[in-house]
Amino acid sequence: MKFALVTGGSRGIGRAICIKMADLGYNVLINYKSNEVEANITSLLVEEKGVKSITIKFDVSDKNQVQEVLGGWIESHPTYEIEVLVNNAGIREDALMIWMKDEQWERVINTNLGGFYYVTKMVVTNMILKKYGRIINIVSLSGLKGLPGQINYSAAKAGVIGATKALAQEIGRKGVTVNAVAPGFIKTDMTDDLNEKELQTLIPLKRFGLPEEVAHVVGFLASKESAYITAEVISVNGGLYS
Ligand code: NDP
């Protein structure tokens, strides 16, 4: 049984990615932190595509939970193979540096960057042994350009970009590719508090993107045919920054 594991698959971009993985024929392991209702909705949408879906609750920023819950799942399902990993779970907690609380720094770094590390560590060894795998990290325009009010988030996403490029070089010869997708402004709960009317004037395509438009690129990178693309960062930002 081949699975795609999508962290933060309960809502937003993660949900669209889960559905895209199902379109590719993968069974989907849908991670979420607390929102069981939304995770179950994603699960239904995935199963409508005729594949299996399993929801799995753990906090990607908590090393012990990742080891116990995800590690436990992997151990108790020796015939299930995680062939695609999408590190999508993320949070933002914006504040100018002078006002930023240590906890805001720590939470954002631990979730976005720590989460990448803890989850990838659990699944990468099996990919190497099987000599096949696709790891796709959802980063951000903020990690490429740096955005004021987001030193925590920009640092975390830039960190994941660096790790993407390094890991790609470590395991390329094992048939595992590692790439990142960097969205600009995408319509989800995360951007609900932003002034879309004002911000869209800055975007060449004059609108926020849709989760499905990010998922499309993730699907492309996850496909077997993308075997010669690794260590790349692909922007999906309506031309806002290149
Ligand atoms: P949402 O806020 O809509 O959804 C966040 C998802 O992440 C939820 O599924 C949530 O689970 C999960 N999550 C949050 N923290 C944790 C955690 N500690 N452990 C496990 N799961 C967690 O976000 P988006 O869909 O907008 O963002 C998805 C990714 O895309 C993030 O990495 C984000 O940084 C990135 N991104 C988003 C942009 C945008 O404009 N929306 C732009 C650039 C990048 P639950 O439902 O249980 O809370």
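**Exercise 1. What covers the buried residues of helix 8?**

Start with the helix itself: helix 8 covers residues 211-222. Helices here are DSSP runs of H or I with at least four residues, strands are runs of E with at least two, and both are numbered from the N terminus. Next, pick out the residues that count as buried, meaning under 20% relative accessible area (over 50% is exposed, in between is partly exposed, with a 1.4 Å probe and protein chains only). In helix 8 these are Pro-211, Val-214, Ala-215, Val-217, Val-218, Gly-219, Leu-221 and Ala-222. Finally, look at what covers them: the list includes helix 1, strand 4, strand 5, strand 6 (176-183) and strand 7 (233-236).

A word on the model: it is predicted, so local features need pLDDT of at least 70 and side-chain atom pairs count only at pLDDT 80 or more, while totals for chains, interfaces and linings use all residues. Residues are numbered from 1 along each chain as its sequence is written, and side-chain values use heavy atoms, leaving out hydrogens and water.

**Exercise 2. Work out what span helix 3 should have, and compare it with the distance between its end C-alpha atoms.**

Helix 3 has 14 residues, 63-76. The expected span is 1.5 Å times one less than the number of residues, so helix 3 should span 20 Å. Its end C-alpha atoms are 19 Å apart, which agrees.

Now try the recipe on helix 8. With 12 residues, helix 8 should span 16 Å, and its ends are 16 Å apart, so that agrees too.

**Exercise 3. Which residues of helix 3 are buried, and what do they pack against?**

First, the buried ones: Val-66, Leu-70, Gly-71, Trp-73 and Ile-74. Then their partners: they pack against strand 1 (2-6), strand 2 (27-32), strand 3 (53-57), strand 4 (81-87) and helix 4 (102-130). Lastly, check the start of the helix, where a side-chain oxygen of Asp-62 comes within 3.0 Å of the backbone nitrogen of Asn-64.

**Exercise 4. Is Ser-154 buried or exposed, and what is it in contact with?**

Find Ser-154 in helix 6. Its relative accessible area is 10%, so Ser-154 is buried. Contact means heavy atoms within 4.5 Å. Setting aside neighbours within four places in sequence, Ser-154 touches Ser-142, Gly-143, Gly-146 and Leu-147.

Stay in helix 6 for Gly-162. At 36%, Gly-162 is partly exposed. Its C-alpha is 9.2 Å from that of Ala-231, although the two are 69 residues apart in sequence.

**Exercise 5. Where does Gly-50 lie, and is it buried or exposed?**

Gly-50 lies in the loop between helix 2 (36-47) and strand 3. Its relative accessibility is 67%, so Gly-50 counts as exposed. Gly-50 and Asn-27 are 23 residues apart in sequence, with 8.9 Å between their C-alpha atoms.

Note on methods
A polar contact is a pair of N or O atoms within 3.5 Å; within protein, one must be able to donate a hydrogen and the other to accept it, and residues adjacent in sequence count only if both atoms are side-chain atoms.
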